[in-house]
Each structure stands twice: as structure tokens, then as C-alpha cells.
Amino acid sequence: MSRFERHMFVCVNERPPGHPKGCCKEKGSETVRALLKAELKKLGLTSVVRANASGCLDACAHGVSMVIYPEGIWYGGVTPQDVPAIIEQTILNGKVIDRLLIPDPAFAPDHKQFPILPLPQGKDNSSPV
Ligand code: FES
């Protein structure tokens, strides 16, 4: 078994103001990552799931961009308001959130459901987030 069950890589790449590609940082990715980390901590999941800062994921037009491994779920346009749903639906209950999927076949997951995360002893997947 690997040390962590899942990684959420959140792009926090920064480009100079006015850059034609823009960047996820200017769209609030650091806040999204901080909120993901806070939710994981609140739920006692930091030993099994990480919310890692990432460089550019080459999905700049869809930022804030993030990818969840090992499933390869690519989400785009992520806002702080999406964080509870990402944790509750995707991380805890193994469901892909269609409205957050990057609308590009190159980023499409090959499944919509994956195994529910085995939580540390004493944790309940049905806990409200
Ligand atoms: S700047 Fe975030 S994906 Fe490129």
C-alpha cells in the first residue's frame, strides 16, 4: 500500500499580469488549495489524502485546474465554493462531479465512479463536510 491513497494536485502557477495564458494563481488557486487542506485536516484525512501545490498542469484556459490521482480526475474552473463538494462527493464517496470536469476530451476520466476511500479507523464516510 502506498503512503497516501490519493493526491489532489492544484495548480498554483503564477504568470506576470497580462500574460496571454493567464494563470491559476490569479484565479484563486491558493485559496482553493488552502481550503482543501483545511477540510482534509478537519476530517482527519491528512494521512491518506494530500492537497499538493502543483506547477502548471497545461490546462491554463480551464483554471483553477486540479487533478486527482490515481484516478486521473481533471477538474477546472474550481472555486472555493466547490471545495466541500470535491471532498464529500469525490474524495469521500468516489463520485466524479460532472459540472467540474474540464470540457475537453483530452482531460476526460475513463470512469465516473471509483472505489470509496478507505478512511482511517473511526472515520465515517457519511460525515457532513
Ligand atoms: S497555470 Fe494552471 S494549468 Fe497552467
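# A friendly tour: loops, sheet and helices

User: Is D58 buried, exposed or partly exposed?

Analyst: Around D58 there are 13 other C-beta atoms within 10 Å. A residue counts as buried if 20 or more other C-beta atoms lie within 10 Å of its own, as exposed if 12 or fewer do, and as partly exposed in between, with the C-beta atoms placed from the backbone. The count of 13 therefore makes D58 partly exposed.

User: What kind of model are we looking at, and from which number does each chain start?

Analyst: Local features need pLDDT of at least 70, side-chain atom pairs count only at pLDDT 80 or more, and totals for chains, interfaces and linings use all residues, for this is a model that is predicted. Residues are numbered along each chain, as its sequence is written, from 1.

User: Thanks! In what order do the elements of the chain run?

Analyst: Helices (H or I, at least four residues) and strands (E, at least two) are DSSP runs, numbered from the N terminus. The chain has 2 helices and 4 strands. Read from the N terminus on, these elements run β-α-β-β-β-α.

User: Where is D58 found, and what is its phi?

Analyst: D58 is found in the loop between β2 and β3. Although D58 is not a glycine, its phi is positive, at about 60°.

User: Which peptide bonds are cis in the loops?

Analyst: V64 lies in the loop between β2 and β3, and the bond leading to V64 from G63 is cis with omega near 5°. P70 belongs to the loop between β3 and β4, and its cis bond has omega near 20°. The bonds to name are G63 to V64 and Y69 to P70.

User: On to the sheet: why do β2 and β4 each have one side without a neighbour?

Analyst: Two strands pair if DSSP finds at least two bridges between them. The open sheet of 4 strands has mixed pairing and the order β2-β1-β3-β4. β2 (49-54) and β4 (73-75) each have a single partner strand, so one side of each lacks a neighbour because both stand at the edges.

User: By how much does the sheet twist from one strand to the next?

Analyst: Axes here are lines fitted to C-alpha atoms, for helices over the stretch in contact, and angles run from 0 to 180 degrees between N-to-C directions. From one strand to the next, the twist averages 20°.

User: In which sense does β1 pair with β3, and in which with β2?

Analyst: β1 (residues 6-11) and β3 (residues 66-69) are joined by 4 bridges, where F9 stands opposite V67 and H7 has Y69 as its bridge partner; this pair runs antiparallel. Over 6 bridges, with R6 opposite V49 and M8 opposite A51, β1 and β2 pair in the sense called parallel.

User: What is the handedness of the β-α-β unit?

Analyst: With the strands pointing away from the viewer, a crossover is right-handed if the path from the first strand over the helix to the second runs clockwise. The unit made by β1, helix α1 (residues 29-42) and β2 is right-handed.

User: Which elements do the buried residues of α2 pack against?

Analyst: In α2 the buried residues are V83, I86, I87, T90, I91 and L92. They fall within an arc of 160° seen down the axis, so they line one face of the helix; the arc is that of the directions from the helix axis to the C-beta atoms. Two residues are in contact if their C-beta atoms, placed from the backbone, lie within 7 Å. The buried residues of α2 pack against β1, α1, β2, β3 and β4.

User: One last residue: which contacts does F107 make beyond four places in sequence?

Analyst: F107 sits in the segment after α2 (83-92), and 19 other C-beta atoms within 10 Å make F107 partly exposed. G72 is 35 residues from F107 in sequence and 8.4 Å from it in space, C-alpha to C-alpha. Leaving aside neighbours within four places, F107 is in contact with A59, W74 and I102.
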